[in-house]
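Reader: Hello! Could you take me for a close look at the surroundings of the ligand?

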Amino acid sequence: MTQEKNRQKTITIPLLPLRGIVVFPHMILHFDVGREKSINALEEAMMKDQRIFLAAQKDPALDEPGQDDIYTVGTISKIKQLLRLPGDTIRVLVEGLERAKTLEYVSDDPFYKVTVRECPSPKHLARDSETEALVRQVVSYFEKYAKLTNRISPDTTFTLSTMEDYARLSDVIAANMVIKLEDKQRILNEISPRKRMEKLLKILVNEIEILEVEKNINRKVRQQIDKSQREYYLREQLKAIQNELGEGGQQSDEIEEYREKIKKLGLPADAENKALKEVDRLSKMHPSSAESGVIRTYLDWIIDLPWNNKTEENLNLSDAEKILDEDHYGLTKVKERMVEYLAIRKLKNSLKGPIICLAGPPGVGKTSIVRSIAKALNRKYVRMSLGGVRDEAEIRGHRRTYVGAMPGRIIKAIKQAGSKNPLILLDEIDKMANDFRGDPASALLEVLDAEQNKEFHDHYLDMPFDLSDVMFITTANYKDAIPRPLLDRMEVIDISGYVEEEKVQIAKRHLIPKQIKNHGLKTSELRFDESAIRDIINYYTREAGVRNLERQISTVCRKVARQIVSGQKKSVRITSKNLDKYLGRRIFLYDKANEKDEVGIVRGLAWTPVGGDTLCIEVNLMPGEGAMELTGQLGDVMKESARIARSYVRSIAEMIGIDKDFHKKYDMHIHVPEGAIPKDGPSAGITLATAMISALTNIPAKRNVAMTGEITLRGKVLPIGGIKEKVLAAHRAGIDTILFPKDNEKDIEEIPENVVEKLNLIPVSSMDQVIKHTLVRFPVSENRNKTEEEKKDVHIDVQKAKDEAAVGVEH
Ligand code: ADP
């Protein structure tokens with residue numbers, strides 16, 4: 001005990017405040033000293049016994065620590081070496097000797113000098129079992145700590161495990177640990193070795209725990225980093241390889257560009273994910289592979305579609321009316337319907353309702369009025385021709401697995417429009433066909449159905465596109481040819497052909513000014529007389545619409561432009577006299593009425609896509625065995641009409657006084673000129689029957705009568721279509737009496753009055769009436785009251801007469 005006390009000496013010694021380190025007894029370390037006060041302290045120590053008191057600063061950042069800023073417990077150390085470094089710095093190597101505690105500061109200048117009391121640890125400590133356990137635990141924890149930090153050499157840990165002096169042991173362990181300054185100082189502060197051990201154990205346990213958590217976190221972070229680093233690394237490598245091959249560079253920029261563009265589109269979430277996935281796929285591909293080309297085209301399609309672009313619809317009724325009237329003459333039904341549409345649209349913000357279908361012959365302005373409608377509504381206009389579309393994929397596109405796959409026409413039209421609310425004209429919907437490749441009509445049904453088209457699914461895009469803002473208008477030449485389910489959904493507005501008067505007005509108001517402008521002429525340089533316009537209409541065109549009329553006017557303009565440019569003329573007036581100089585000889589000479597009444601020749605009326613026409617039906621009888629020959633490119637329906645007509649004539653044979661076995665004794669040849677033009681339809685039925693009766697009875701048909709109507713086996717006359725065109729054609733041909741089915745009477749209202757006034761329009765409901773009005777006299781059986789014997793005589797006469805007639809007609 002006395003020994004102990006004796007050893008607790010007090011000494012006065014220079015103090016060097018340490019920054020950020022705690023020196024323990026038995027520890028050798030070096031540090032650099034730069035502060036003047038510290039250097040002075042070192043010098044003082046060197047001049048004496050090289051001992052110096054090292055105590056840590058509480059705050060390492062302080063340059064000039066006061067007495068309170070320095071911990072009281074420190075270590076008396078021996079300076080082993082001094083090394084002057086450039087720039088007034090001294091590197092010292094010290095060895096910790098003994099713990100000591102500051103009792104008092106003796107002086108502050110030129111260095112700190114303190115009186116300290118040494119606090120040595122007892123040298124030979126006995127170990128009871130508890131201490132032993134404690135020591136072992138500390139050692140084993142330290143080994144664990146060493147492993148976790150990976151900073152302490154296995155030699156150190158081994159030396160420690162064999163160290164007997166546990167007071168020293170605790171100091172060495174504390175010196176080797178990387179812990180907070182305060183923790184180190186706390187251990188240094190502890191004079192009792194046993195308590196020191198306990199504190200150390202606590203700190204160790206705590207540190208290990210923290211280290212383990214850290215390790216865990218590190219592992220997880222590393223896993224993640226590893227993965228992304230791996231990808232990054234591989235990608236960089238790929239880039240490098242591509243660069244080497246001369247393919248690199250733009251690919252990654254391009255991918256980024258795609259990503260950004262897609263994100264900007266504002267697609268529905270599903271669609272966006274899908275598109276981005278494709279971009280990912282693209283990024284992993286060789287840029288010049290075929291597959292990557294396919295993906296690029298696909299992405300370009302998606303990017304180019306107007307997913308959210310719209311034009312603002314003009315719902316101003318009077319504006320729209322004005323635009324429609326400016327561009328087109330007549331077409332009142334269409335114009336009215338459009339104004340109604342606008343009114344409803346204004347009241348109700350929805351496009352639901354039937355789809356409008358404009359039906360009529362070519363050139364009547366269907367397409368061009370729809371273009372004006374788009375202009376009036378301020379919607380983008382796209383025309384989509386359905387003529388010859390026979391494959392569902394043309395509407396809906398091909399799946400991308402298909403080589404050369406493309407989106408369908410609807411999506412193409414939307415892209416072309418560049419807005420999601422265009423007006424799409426589905427042109428020639430009646431010309432759509434269907435075959436084994438699927439039915440385009442049913443795909444179109446989905447497009448037109450307001451309930452379904454919000455999510456229109458194109459096979460190629462493979463993501464829904466909203467068509468509910470699109471306005472659809474369709475056109476057709478024959479509404480009967482429109483697939484039934486489509487027709488049910490449409491509201492058909494018939495646009496029949498124009499009469500001469502209307503054509504004159506259209507030419508004057510629209511076609512001529514338009515063509516003059518198109519050819520760079522001035523209105524003062526070219527004028528058309530009305531008579532010239534009428535001549536163009538009648539002799540240079542044969543059509544229901546005005547397309548050829550426009551073309552002929554354009555021809556005139558072209559020739560006049562040439563004359564004016566070459567200086568031949570200053571201005572030109574087109575009259576009916578000089579018209580042929582510009583258009584050449586008249587092209588069409590109308591089928592004029594026959595010169596005289598003839599047997600077996602009757603005039604029918606036909607409806608063709610280019611308007612109405614008259615057609616002669618000729619019937620010749622020749623002795624034979626009852627064959628019936630039909631020529632003139634007659635369609636099946638027309639051939640059937642001929643058979644029905646013959647059966648009907650057989651059924652009334654006796655009444656009209658002809659041989660009831662004529663079908664066995666004569667061959668009948670029916671010809672409908674002009675032979676090269678195909679003809680079909682049931683409307684020639686009554687004409688065929690009348691021509692047969694005329695030929696069989698040898699009674700001539702009146703030259704100024706024409707007729708149209710379907711016939712039944714019992715001789716009833718059924719209604720047919722296209723009355724207006726047919727009547728106009730008859731009028732042109734100079735025919736004045738027209739027989740038409742009684743049930744068609746309502747259609748007569750559509751014919752311009754000035755035409756109706758000049759004609760004798762006779763509604764008929766049975767063949768009796770037809771025969772009465774057509775043949776020069778009504779055939780009555782001359783032998784109704786005669787005996788069978790007498791009938792035979794008459795019959796022979798009739799037959800003879802007919803044979804002669806047949807020969808006559810043949811010439
Ligand atoms: P469709 O589509 O019915 O076949 P278009 O629309 O192609 O006919 O018309 C042919 C030409 O005739 C166009 O130049 C059009 O402007 C003109 N046209 C037709 N009808 C009229 C009309 N009623 N008023 C003015 N121009 C017309």
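Author: Happy to; here is a walk around the ligand and its shell. This is a predicted model, in which local features need pLDDT of at least 70 and side-chain atom pairs count only at pLDDT 80 or more, while totals for chains, interfaces and linings use all residues. Residues are numbered from 1 along each chain as its sequence is written, and side-chain values use heavy atoms, with hydrogens and water left out.

Around the ligand there are 20 residues, of which Y329, G363, T367, R547 and E550 come nearest; a residue belongs here if one of its heavy atoms lies within 4 Å of the ligand. By class, this shell holds nine nonpolar, six polar and five charged residues, with Gly counted among the polar ones and Tyr among the nonpolar ones.

Three helices, α13 (366-377), α18 (500-518) and α20 (547-565), each bring at least two residues to the shell. The biggest share comes from α18, with four residues. Helices here are DSSP runs (H or I, at least four residues), numbered from the N terminus.

Now for the individual atoms. An N or O atom in the side chain of E550 sits 2.7 Å from an oxygen atom of the ligand. Another ligand oxygen distance is 2.8 Å, to a polar side-chain atom of K366. V364 takes part through its backbone: one of its polar backbone atoms is 3.2 Å from a nitrogen atom of the ligand. Taken alone, the ligand exposes 560 Å², and the protein buries 90% of that (areas by the Shrake-Rupley method with a 1.4 Å probe).

How values were computed. A polar contact is a pair of N or O atoms within 3.5 Å; within protein, one must be able to donate a hydrogen and the other to accept it, and residues adjacent in sequence count only if both atoms are side-chain atoms.
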